Each structure stands twice: as C-alpha cells, then as structure tokens.
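Work through the following exercises with the structure open beside the text. Each exercise sets a task and is followed by a solution in steps.

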Amino acid sequence: MKIENVKGTFDYSGKEQQIREYIKDTLKDVFKLYGYEPLETPIICNFDLLALKYNPEDEILKEIYKVTDQGKRNLGLRYDLTIPFAKFITIEKGLTLPYKRYEIGDVFRDGPVKAGRNRQFVQCDVDVVGLDGANIEEEIISIFIRGMKEFDIPFEIKINNRKLMQGIIESLGITGEEEISNVIKTIDKMDKIPREDLMSELLLLGITEDNQNLLMKYFNMSLDDLKEEFKNVDNQNIVDGLQELTDLMELLDYSSYSEYIKFAPTLARGQEYYTGNVFEVYAVNSGIKSSIGGGGRYDKLITNWIDDGNSYPAVGISFGLNVIYEILKTREDFANKSMVQLYIVPMDTFKESLRLADTIRNFDIKVEVEMKNKKVKKALDYANRVNISYVIVLGENEINEGKIKLKEMSTGKEYEISLDNISEINKVIL
C-alpha cells in the first residue's frame, strides 16, 4: 500500500500551521469585537438535509462526500457551515433572537483541486438570524473589511442581489422556477467564460437570441443605469432588489467603505438558498482568482424549516482560510517568522534554565530551552536558522552574579537584566 494523503488534502506543520492558527485567532478576535458567540456543529449530517435545497443534477450534490453508518443511514460530510447553522436554529429551543454566532471548522467538497481550493478546507463563518434590512448587512460587510485589513491583503468586495437577477430574467417572460435558476447559474459565469460560450449555454436553455442580447445588455449595466432602466417597472423582484442594494450601498458609503465595494450585476453565489443581497471578496493583485470569502442573505431557509408562521431572516458570510493562507505564506514577514521568541541555552544549568523558562513564560513570552547539549556557536546558528529573535546563554557565572544577558539576534545587541527583576525582559521582547 502506498502511504499518502488523499487527493485535495494536506498536512500542515511548523510555520505552515502557525500561519493557519494566526488566521483563525485573528478572525476570532474580529468576530468577538462584534458580539458574535462561538458555535460548533457536527461534521457528519443527514444526506437529505444537505441535499434539501437542490435538484438531483446540481453540481454541489455531486461534490458531497457520502457515507453510511452501521445503521445503513445515508449521511454526508458538510460542504459548508450555513446548513448546519440553519439546522441548529431549527431544532434548538429557547434561543433569544437575534442570535449571532461564529464558527470555524472543516468542510468537505469532492471538487476540482487548485491553489486555495482543496477537498478538505476550513471556513470561518459569522451568521445572524432574526434581523432583516441593510443595517445588519452593513455590519456583516464591515467584518469582512476589518478582517482583510488585519491581514493587510488588498481586496475588493463585489455585491449584487438575487431578487434583482430573478426579476430581470422574469421581465423577459422567463418564469419557470427551474428555468430561472438555470439562467442565473449561466449568467454567474459571464466574467469567467467567453461570450460565445455563454450565449451557447443560454441557447441550450431555450433562451431566444433577442432575450440573450437583452440579458447581455442588462447584466452589463451599472446600478444607476439599472435604476433608470427599470424606474417604472412593476416587477416586485426588481423593485425590491434595487431598493435593497440602494439601502446597503448608502450605508456603506456613509461608513466610508465605498472604496472597497464594487457592484457586480452577474454575481449570484452558487447556493440556491440566497434570497437577497449577496457578497464576494477578492484579493487584488494576488494571483489568486478564487474568492477569499462570500455570503449573503437567506431569509427563507430557516423560515421554511421551522414553518411556524413566523419569519426568521438570516444573513451570513464566510472567510476561506485556505485562500488567505495561500496568500500569507508567500509573504516574507510570515515565511520567516518563528513561533519561539526566546531561546535559552543552558551551560551545565539545565534545571535552572527550565525554571527560568517557566518564569518568563508567565509574561506570555514563548520560550524554548535547548535540550541537546549544543555548543554555544551551534545553538546560536540554530536560533538564526529558525529566526528566533532573542537568546539567553545561562551559565554558572550568570547564576552566581544574578544577571543574564539577553541577545537580540538581528542586531547583536545585548541587554543586561537582573534575575531578581526578570520582568524587565518584557520591555525588550514585548
């Protein structure tokens, strides 16, 4: 048997995993700033739950990893964190709404593998149930903006509205639910495939040449042009879609976020459960074509599942950890960063070095003790090789004199610190 990873799955160790943990920790801190609480949901779900919103031929169903248990039940590995969240809200009793949660966890899709897109990958989600309107959507998008700024990744956020897309298609006399869904999926490819291929796909869906040309016209318009084009329309989806977009854009402009926002009339998002404004985040000048994150409003999903006569509006976003990782790992400040801040080299003072390390760790400084009896030169070479910033060589003289010398490896500068006042080390390292 050849021992290897399954295609599309990877091991992450050392600095690789350090970067990934940094991404998780950073996003957790951002989520908590907005009052979101943690939630953990099961990786294994009932297959019927995962497939509930899709037609048998939908691509997402082909990508679900299907499993069975000893009871022969049909199960699957979750492909996102939204469906498990909606399930949790549906079965959990006594929740106070609005309920705001974040979840960071593995999801699985048996799809194509490329940079930033694996078959096992980590999503970092925030979702809110119980709030409608643009106010909460502005907050959700501000989380995207704050997170991307924390990572110092240049970005843009594309925004569109599913009602608007549906209404434009309906205005051409295309009214079948499945037909509209198929047209939306094709329009979503407008920026990804040549126009001739797009027209061919629309033709296969039975869309006339005149309607194809109208679709090309409408889905290349700016938001202002669409407002003018449909100012007297009586299609409620167009009216609602334009109003929802306008409300959100005005809030984002007031919050000085407009520089990050781009109206994208062809953006649909793949999942059928989206009902209103949708968003996707892209890195600028990164070489990564995949979105870094996305989300949107899904007002009907939980409402229909609970089905108690009440409305449960919901909106959420997801950061793709793997895509962010692919960008950060190429940056020198991450590639060369050591997890260890201080390296203690014992010179026949092993017990004392362990005790000193424990004392220094009380100040939240990450310490490693040399345990292979290396000579000082080899120990310093090691510290340089793995980019540890500071080194202490601890010998009998240092213990007898009650003083240590803290060496900064990048400059060679030494700081003398009393063992009786070891907290002074904070002023240098932190």
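**Exercise 1. Describe the protein as a whole: what share of its residues is buried, and how many helices and strands does it have?**

Solution. The model is a predicted one, and of the 430 residues in the protein, 49% count as buried. Turning to the secondary structure, one finds 18 helices and 16 strands. Along the principal axes, the C-alpha atoms fill a box of roughly 90 × 55 × 50 Å. Finally, if one takes the contacts between residues at least 6 apart in sequence, 68% of them join residues that are at least 24 apart.

**Exercise 2. Classify the ring pair of Phe31 and Tyr102, and then the ring pair of Phe144 and Phe319.**

Solution. A pair of aromatic rings is described by the distance of the centres and the angle of the planes. Rings pair if their centres lie within 6.5 Å, and planes under 30 degrees apart count as stacked, those over 60 as edge-to-face and the rest as tilted. By this rule the count comes to 12 aromatic pairs.

Step one takes Phe31 and Tyr102, whose ring centres are 5.6 Å apart and whose planes stand at 45 degrees, so this pair is tilted. Because Phe31 belongs to helix H1 (residues 14-33) and Tyr102 to strand E5 (residues 99-108), the pair ties together parts that are 71 residues apart in sequence. Phe31 and Tyr102 are both buried.

Step two takes Phe144 and Phe319, with ring centres 4.9 Å apart and planes at 70 degrees, so this pair is edge-to-face. Since Phe144 is found in helix H5 (residues 134-151) and Phe319 in strand E11 (residues 314-320), the pair ties together parts that are 175 residues apart in sequence. Phe144 and Phe319 are buried as well.

Step three joins the two results: Phe31, Tyr102, Phe144 and Phe319 form one aromatic cluster.

**Exercise 3. Over the faces of which rings does Arg20 lie?**

Solution. One ring is that of Tyr12, where Arg20 lies over the face at 3.7 Å from the ring centre. Another is that of Tyr325, where Arg20 again lies over the face, at 5.3 Å from the ring centre.

**Exercise 4. Find where the backbone departs from the common pattern at Pro98, Asp152 and Asp364, and state whether Asp152 and Asp364 are buried or exposed.**

Solution. Most residues other than glycine have a negative phi, and most peptide bonds are trans. The peptide bond that joins Leu97 and Pro98 is cis, with omega about 0 degrees, and Pro98 is located in the loop between helix H4 (82-91) and E5.

Asp152, although not a glycine, has a positive phi of about 55 degrees; its place is in the loop between H5 and strand E7 (155-161). With a relative accessibility of 57%, Asp152 counts as exposed.

Asp364, likewise not a glycine, has a positive phi of about 65 degrees, and the loop that holds Asp364 runs between H15 and strand E13 (367-369). Its relative accessible area of 64% makes Asp364 exposed.

**Exercise 5. Is Ser353 buried or exposed, and which residues does it touch?**

Solution. Ser353 is placed in helix H15 (residues 350-361). At 0% relative accessibility, Ser353 counts as buried. Leaving aside residues up to four places away in sequence, Ser353 touches Ile344, Pro346, Val369 and Leu394.

**Exercise 6. Follow helix H12 from its buried residues to the second largest pocket.**

Solution. Within H12 (residues 299-306), Leu301, Ile302, Thr303 and Trp305 are buried. The cover over the buried residues of H12 includes helix H2 (47-50), H4, strand E6 (120-129) and E11. After H12 comes Asp307, which has a positive phi near 50 degrees.

The second largest pocket has a volume of about 630 Å³. Of the 22 residues that line this pocket, Gln166, Glu177, Glu272, Tyr274 and Lys300 lie nearest its centre. Helix H6 (162-170), helix H7 (177-187) and H12 each supply at least two residues of this lining, and the largest share, five residues, comes from H7. By residue type, the lining of the second largest pocket divides into six nonpolar, seven polar and nine charged residues.

Technical notes
Residues numbered from 1 in each chain as written. Predicted model: local features only at pLDDT ≥ 70, side-chain atom pairs only at ≥ 80, totals over all residues. Heavy atoms only, no water. Phe/Tyr/Trp six-rings, centres within 6.5 Å; stacked < 30°, edge-to-face > 60°. Helix = DSSP H or I, 4+ residues; strand = E, 2+ residues; numbered from the N terminus. Buried < 20%, exposed > 50% of the residue type's maximum accessible area, 1.4 Å probe, protein only. Lys NZ or Arg CZ within 6 Å of the ring centre and 35° of its normal. Contact = heavy atoms within 4.5 Å. 1 Å grid on protein atoms, 1.4 Å probe; cavity = no way out; pocket = protein on both sides within 12 Å on 5 of 7 lines; lining within 4 Å. Points joined across faces, edges and corners; volume = space filled by probe spheres on them. Nonpolar A, V, L, I, M, F, W, Y, C, P; charged D, E, K, R; others polar.
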